Amino acid sequence: MAFTLSGDDVCQTTLPTPIPDPYWVAFSPSAAKLANIPLDVNSLPVDQSWLQVLGGNELSTTNHQFSNPIATVYSGHQFGVWAGQLGDGRAILLGEIDGQELQLKGAGKTRFSRMGDGRAVLRSSIREFLCSEAMHSLGIPTTRALSVVGSDLPVRREAVETAAVCARLAPSFIRIGHFEHFASLQNIERLKELADSLIEQHYPNCLQAKNPYLVLFKAISERNAKLVAQWQSIGFCHGVLNSDNISALGLTIDYGPFGFLDRFQIDHICNHSDQGGRYAYHRQPQIMHWNMACLASAMIPLVEIHSGDDSQNLLRAALEDFPVIYAQAWQDLFRKKLGLFTSQEGDIALLERLLQSMHDSKVDFTNFFRGLGSLRATTSLSQISLRDDFINREEIDKWFNDYIERLKNESSDDRQRQEMMNQINPKYILRNHLAQVAIEKAQKKDFTEISKLLNILSRPYEEQSENESYALTPPINFPSVEVSCSS
Ligand code: AMP
Ligand code: MG
């Protein structure tokens, strides 16, 4: 919905900077439907007006007029350090369509670009596009991607690449960093406007509370706790969990050097720029909690309006709910991944033993859980091919014995259990090497692999026997794709 704050200290009217000779690179019909945008794959070549708008060259189509595009200011903590003012340095909010804000990423400089060029390269735009849509299809809250429009305009990063504009959709792009910005300036009036508009548009239940701002904090924190549990459950690493990349709606936002786990390593670091591993897979929950502490601190002046001297204690207590909510969500999800639909003592210990063995043997995270669904409770150990992936046979055999024993306490039969497990253990995820193939083809102006991946990843829980090769672990000697903050 609409970004309702106005004024030079909050946002600035910013026109996208045109790109020469735009062309379609990618388009998501399902995202278009979400915002009732009258475009489908057949109308794309015909409707040039949307190509011009989504590339940042024009502001109106036959159906829509975007009269006041803006860039907003925010601040934030980056890699644990206060970074001061940041803002939409390369994102321009065109306006709202049907409850969705439409934002162009890479559409040129804004007042908040600092030293940047306001552009995004084709490579990173394709990654953002594919991952946004893949996450949505996995059932994980995320900003959506409508399209990628390319141009041959050169953009300098480590090497010279070409520019692209990714059109994103979300009910709101407000981040924790927006709160931190006004809090750091001690601008309570703006802070209040921000919280009030968020409550009015997205958290209306808070209005009934004695202290709406405390309840708003709790709601944002809860959504993000559940979000990170979902990330862990599908092996998603965000890569840059800075507070300016954390959504106030609990959406996955700002896809950069993200990565899905292939071979399970609990401390996997997907971002090549993250030398200390601050944002490693196993640290994501505690880092999200840390970001919620940043939000709590920014919201103190708001909570004080209703609760006075008690505010810090109330926020501290609310912050302590985070690990509890997270742990509950994580346990529920992972229990289901194992096919355990009842909760019994010892389940979590069983799960932790498995994760340790998977880590020790670098077992493919997605394929192991998917494969586990086809296990029959009557199978003898020697018939379980999943054992072959483990180095310590004795240990994993003991685990399978205990697991099969545990399955006997479930009321579901083998077939039902597999059906339910297949709805939580995806077969297809956006592995880095798959995205890389699509990118390399696109760099040669062949965009077919992007559509193919979009299609496969839109049905991640289906078998798709014709696409088996897209579910394989990359070969051990496959050159690893290095992704960094440079995009
Ligand atoms: P990110 O690491 O992409 O979340 O970006 C951090 C901050 O840098 C945000 O304020 C971005 O808007 C800004 N930024 C990133 N890349 C660029 C760019 N190419 N030009 C201008 N600003 C950028
Ligand atoms: Mg960002």
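**Close-up 1. The β9–β10 hairpin and its neighbour β2 in the predicted model.** Strands β9 and β10 are joined by a hairpin that passes through three residues. In this predicted model, β9 and β10, the latter covering residues 160-170, pair in the antiparallel sense over nine bridges, and one of the pairs is formed by valine 155 with its bridge partner in β10, glutamate 161. Strand β9, which covers residues 144-156, also pairs with strand β2 (residues 23-27), again in the antiparallel sense, over four bridges. Within the pairing of β2 and β9, phenylalanine 27 stands opposite serine 147 of β9.

**Close-up 2. The hairpin of β4 and β5.** Strand β4, made of residues 75-78, runs antiparallel to strand β5, made of residues 81-85, and three bridges join the two. Serine 75 has glutamine 85 of β5 as its bridge partner. Two residues lie between the strands of this hairpin, in which phenylalanine 79 takes a positive phi near 50 degrees.

**Close-up 3. The surroundings of ligand 1.** There are 17 residues around ligand 1, and those that come nearest are Gly87, Gly89, Asp117, Gly118 and Asn245. For glycine 89, a backbone N or O atom lies 2.7 Å from an oxygen atom of the ligand, whereas asparagine 245 places an N or O atom of its side chain 3.0 Å from an oxygen atom of ligand 1. A nitrogen atom of ligand 1 lies 3.4 Å from a polar side-chain atom of arginine 157.

**Close-up 4. The largest pocket, between domain 1 and domain 2.** The volume of the largest pocket is about 740 Å³. Because domain 1 (11-170) and domain 2 (176-331) both give residues to its lining, the largest pocket lies between them. Its lining consists of 31 residues, with Gln78, Arg90, Arg114, Asp244 and Asp254 nearest the centre. By class, the residues of this lining are nine nonpolar, 11 polar and 11 charged.

**Close-up 5. The second largest pocket.** This pocket holds about 560 Å³ of space. The second largest pocket has a lining of 23 residues, of which Asp262, His268, Asn432, Ser480 and Val481 lie nearest its centre. The elements that contribute two or more residues to this lining are β12 (259-260) and α13 (432-442). Divided by class, the lining of the second largest pocket comprises 11 nonpolar, eight polar and four charged residues.

Technical notes:
Residues are numbered from 1 along each chain as its sequence is written. Chains are lettered from A and ligands numbered from 1 in the order in which they are written. This is a predicted model: local features need pLDDT of at least 70, side-chain atom pairs count only at pLDDT 80 or more; totals for chains, interfaces and linings use all residues. Side-chain values use heavy atoms; hydrogens and water are left out. On a 1 Å grid over the protein atoms alone, a cavity is a set of points where a 1.4 Å probe fits but cannot get out, and a pocket is an open set with protein on both sides within 12 Å along at least five of seven lines; lining residues have an atom within 4 Å of a point. Grid points are joined across faces, edges and corners, and a volume is the space filled by probe spheres set on the points. Ala, Val, Leu, Ile, Met, Phe, Trp, Tyr, Cys and Pro count as nonpolar, Asp, Glu, Lys and Arg as charged, and the others, Gly among them, as polar. Domain bounds come from an automatic or database domain assignment. Two strands pair if DSSP finds at least two bridges between them. A residue is near a molecule or strand if one of its heavy atoms lies within 4 Å of it. A polar contact is a pair of N or O atoms within 3.5 Å; within protein, one must be able to donate a hydrogen and the other to accept it, and residues adjacent in sequence count only if both atoms are side-chain atoms.
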